[in-house]
Amino acid sequence: MESPFKSDILKGKVVLLTGGGSGIGFGLSTQFGKHGASIAIMGRRKSVLDSAVSALQSLGIPAVGFQGDVRKQEDAKRVVESTIQHFGKLDILVNAAAGNFLVSPEDLSPNGFRTVLDIDSVGTFTMCHEALKYLKKGGPGRDSSTGGLILNISATLHYTAYWYQIHVSAAKAAVDAVTRNLALEWGSDYDIRVNGIAPGPIGDTTGMSKLSPDEISGNSEEREPLYKIGEKWDIAMAALYLASDAGKYVNGTTLVVDGGLWLSRPRRFPKEAVKQLSRAVEKRSRVAPVGVPTSKL
């Protein structure tokens, strides 16, 4: 699909994305680049970085990759500083690096639980902490009038609960808390906007292949209000809105982009049967009401 945004809405901006070499992160890298931004990608696997940078450059997008682990403060510091050395400034930090796997709570080791929290929540804060110097109003490469933007990729799992995802639910709940608190404090002190995006199931991503493999995939249309799996494009368009001047008054918000999935539950009976069933239930409740005390007179 074509973007509804002008191709130069991010002209001159520099974006650093963790996890920007694959899945949703690469979708963000591509669309940010297509709309005028220069792209720096951070990731652990050099082969993925090289492939992503090559693909971006083939589209005419200024792009560079830096190998590093968001769990290591020294890596975060090095990659942020390398981005500044390469492009001269930093305008937008996107925290998209994440870890996930299916596991029952009783089979999840404390170390496994800690690993996902370290990548998702601690890694997000670590990157924000190291980027503050360059994102704040008046920081190196910035003028004294405006600060930059932080965009954290979250999820909707923790809004209710989700099978076999206790580790990710806890991690993303922490990410949302980081988003709100930094929006309050860094928005006030440094003019940095901090927002999030909570994607639903997105096709052709590692998350979907792990959480909804062919072995357990059913008919998702029975439970998704928009009757379809989302696309990386959907998340990228939401990110462009938040990153552009169109979102300049949005701060501390995590935008849910999931077609309303988190609001829904599986249908217990066909829609066509609702009226008939409702009449039968109402008639029965009038004839034999439940919970009404009987008179002894």
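Me: Hi! How many strands form the open sheet here, and in what order?
Reply: Happy to help. In this predicted model, 7 strands make up an open sheet, ordered E3-E2-E1-E4-E5-E6-E7, and the pairing is parallel.

Me: Which strands stand at the edges?
Reply: Strand E3 (63-67) and strand E7 (254-257) do. Each has a single partner strand, so one side of each is left without a neighbour in the sheet.

Me: What does the twist average from one strand to the next?
Reply: The average is 20°.

Me: And which strands does H3 touch when it packs on the sheet?
Reply: H3 touches strand E1 (14-18), strand E2 (38-43) and E3. The direction of H3 makes about 155° with that of E3.

Me: What about H7, which strands does that one lie across?
Reply: Helix H7 (residues 232-243) lies across strand E4 (92-95), E5, E6 and E7. H7 runs at about 165° to E6.

Me: Let's go to E6, then. How many of its residues are buried?
Reply: 7 of its 7 residues are buried, so to speak of E6 as mostly covered is fair.

Me: Which residues sit on each side of it?
Reply: Arg193, Asn195, Ile197 and Pro199 are on one side of E6, with Val194, Gly196 and Ala198 on the other. In a regular strand, side chains alternate between the two faces of the sheet.

Me: How many bridges join E5 to E6?
Reply: There are 5 bridges between strand E5 (residues 149-153) and E6, and the two run parallel. Ile150 stands opposite Val194, and Leu151 has Asn195 as its bridge partner.

Me: Asn195 keeps coming up. Is it buried or exposed?
Reply: Asn195 is buried, because its relative accessible area is 0%.

Me: Which backbone nitrogen lies 3.0 Å from a polar atom of its side chain?
Reply: That is the backbone nitrogen of Gly252. Leaving aside neighbours within four places in sequence, Asn195 is also in contact with other residues, including Leu149, Thr179, Leu242 and Val250.

Me: New topic: at what angle do H3 and H4 pack?
Reply: Helix H3 (residues 73-87) and helix H4 (residues 110-135) pack at about 35°, and their axes are 9 Å apart. The crossing is right-handed.

Me: Which residues make that contact?
Reply: From H3, they are Gln73, Ala76, Lys77, Val80, Glu81 and Ile84. H4 brings Thr126, Met127, His129, Glu130, Ala131 and Tyr134.

Me: How many of them are nonpolar, polar and charged?
Reply: The contact of H3 with H4 has 6 nonpolar, 3 polar and 3 charged residues.

Definitions and conventions: Residues numbered from 1 in each chain as written. Predicted model: local features only at pLDDT ≥ 70, side-chain atom pairs only at ≥ 80, totals over all residues. Heavy atoms only, no water. Axes fitted to C-alpha atoms, helices over the stretch in contact; angles between N-to-C directions. Helix = DSSP H or I, 4+ residues; strand = E, 2+ residues; numbered from the N terminus. Left-handed = near helix turned anticlockwise from the far one by under 90°. Contact = heavy atoms within 4.5 Å. Nonpolar A, V, L, I, M, F, W, Y, C, P; charged D, E, K, R; others polar. Buried < 20%, exposed > 50% of the residue type's maximum accessible area, 1.4 Å probe, protein only. Polar contact = N/O pair within 3.5 Å; in protein donor to acceptor, adjacent residues only side chain to side chain. Pairing = 2+ DSSP bridges.
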